[in-house]
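I opened this entry to look up how the inside of the protein is packed. I also wanted to check one charged residue.

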Amino acid sequence: MSTTTEARSNPLATIDWDYVEFYVGNAKQAAHFYMSAFGFDQVAYAGPETGVRDRVSYLLEQNKLRFVLTASLLPDDAIAEHVMRHGDGIKDVAILVEDAQAAFEMAVRGGARVVQEPAPLEDARGRIIKATIATYGDTVHSFIQRDGYRGIFMPGFAEQRKTIANAARPHLQYIDHCVGNVGWGEMDVWGDFYARVFGFSQLVSFDDKDISTEYTALRSKVMTDPRHQVKFPINEPAQGKKKSQIEEYLEFYRGAGVQHMAIRTDDIAATIRALKSNGVEFLDTPDSYYEMLGERVGKIDEAIETLRELRILVDRDDLGYMLQIFTKPLQDRPTVFFEIIQRKGSLSFGKGNFKALFVSIEREQEKRGTL
Ligand code: FE2
């Protein structure tokens, strides 16, 4: 079968990220946090004023990133129950597709559980087709087809622009990858899921010899679409002397869910300066990391001094190198966080940094008494 035929027969061959929907306890305050700390602008709103009775949603944008922050107005609907069980978290990693019906049918043939059959959402600006399938835990993927829609986001939303003028602009660009934490022994199950349901292939995998410290361990594999546009790494805990960060997540999130989203920038030093000045907190890295850095990664464009000052990590593979740093958890429970990443040719996920990074995460776990 030729590549062209393959692309045509796979409705998910040309997908992209569409939006990420968070279910939160207080969407108004969460929206303010992501605007003031991460430099998003509010673009649209849905709620009682726009004819939506049971919930409010704020659409935030920054370059190609689109976040929807949704909270329930009821004590006992699915959103309220999701927040009660999981805390604030990521509910829907929505995917832009050319044909939502075809994507949905392929997903169902691959064994995906149906959350919502393809359905048109219409207003005066046209029509969106949305279908939703379940993935790990209570997380879902919606397939969004937008070719018939000229509105700002989606029916139910009204344009409502707000900007926090004095927030520093980090110039975050788009999602690089979105990582799920799943339970013991479930990594292969969910890797197979993305192969069957999305037609994805495995980009890379790491076992517990790659990703372990003296105390904790995990295993991971990265599933990707043919264009490496949408990448879903899947983590599972592995046996260590103490409780791994994945187990801590599973305990606090009460099951599988999105662990982190990696967000691309093309100037990581300027981005991290802006985020820090807005009060975003990052994991620290031991000083010793920078003493060995030049030797480990060879020649890079950035000054090691700048990386040390900002605690940015570097990893190299045969295609180039990448720079990355991780935020602390974004809500009360130690669950979802962001990675900020700049790629200079490299397709790496930071294997060379895992050890330095986990030592740092363990220090935070120790403070919470969960190690
Ligand atoms: Fe990552």
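These are my notes on the nonpolar cores and then on one glutamate.

**Cores.** I worked from a predicted model. I looked first for the largest nonpolar core and found that it has 96 residues. Phe22, Tyr34, Phe38, Phe67, Phe143, Phe198 and Phe232 have the most contacts inside this core. Helix α2, residues 27–38, gives the largest share, seven residues. I then asked where this core lies relative to the domains. Domain 1 (4–162) and domain 2 (175–368) both contribute residues, so the core lies between them. I also noted a second, separate core of 14 residues, with Val43, Ala46, Ala94 and Tyr149 among them. As background, nonpolar side chains in soluble globular proteins tend to be buried together.

**Phe67.** I listed the contacts of Phe67, leaving out neighbours within four places in sequence. The list holds Val20, Phe22, Tyr34, Phe40, Tyr58, Leu59, Leu60, Met261, Ile263 and Phe338.

**Glu339.** I placed Glu339 in strand β17, which covers residues 337–344. Is Glu339 buried or exposed? Its relative accessible area is 2%, under the 20% cut-off, so I entered Glu339 as buried. I next looked up which side chains make polar contacts with the Glu339 side chain. One is that of His177, at 3.1 Å, and another is that of Gln324, at 2.8 Å. Setting aside residues up to four places away in sequence, Glu339 touches His177, His260, Met261, Ala262, Ile263, Met322, Gln324, Ile325 and Phe326. Last, I checked the distance to Gly369, 30 residues along the chain from Glu339: the C-alpha atoms are separated by 24 Å.

Definitions and conventions
Residues are numbered from 1 along each chain as its sequence is written. This is a predicted model: local features need pLDDT of at least 70, side-chain atom pairs count only at pLDDT 80 or more; totals for chains, interfaces and linings use all residues. Side-chain values use heavy atoms; hydrogens and water are left out. A nonpolar core is a set of buried Ala, Val, Leu, Ile, Met, Phe, Trp, Tyr and Cys residues joined through side-chain atoms within 4.5 Å. Buried means under 20% relative accessible area, exposed over 50%, partly exposed in between (1.4 Å probe, protein chains only). Helices (H or I, at least four residues) and strands (E, at least two) are DSSP runs, numbered from the N terminus. Domain bounds come from an automatic or database domain assignment. Contact means heavy atoms within 4.5 Å. A polar contact is a pair of N or O atoms within 3.5 Å; within protein, one must be able to donate a hydrogen and the other to accept it, and residues adjacent in sequence count only if both atoms are side-chain atoms.
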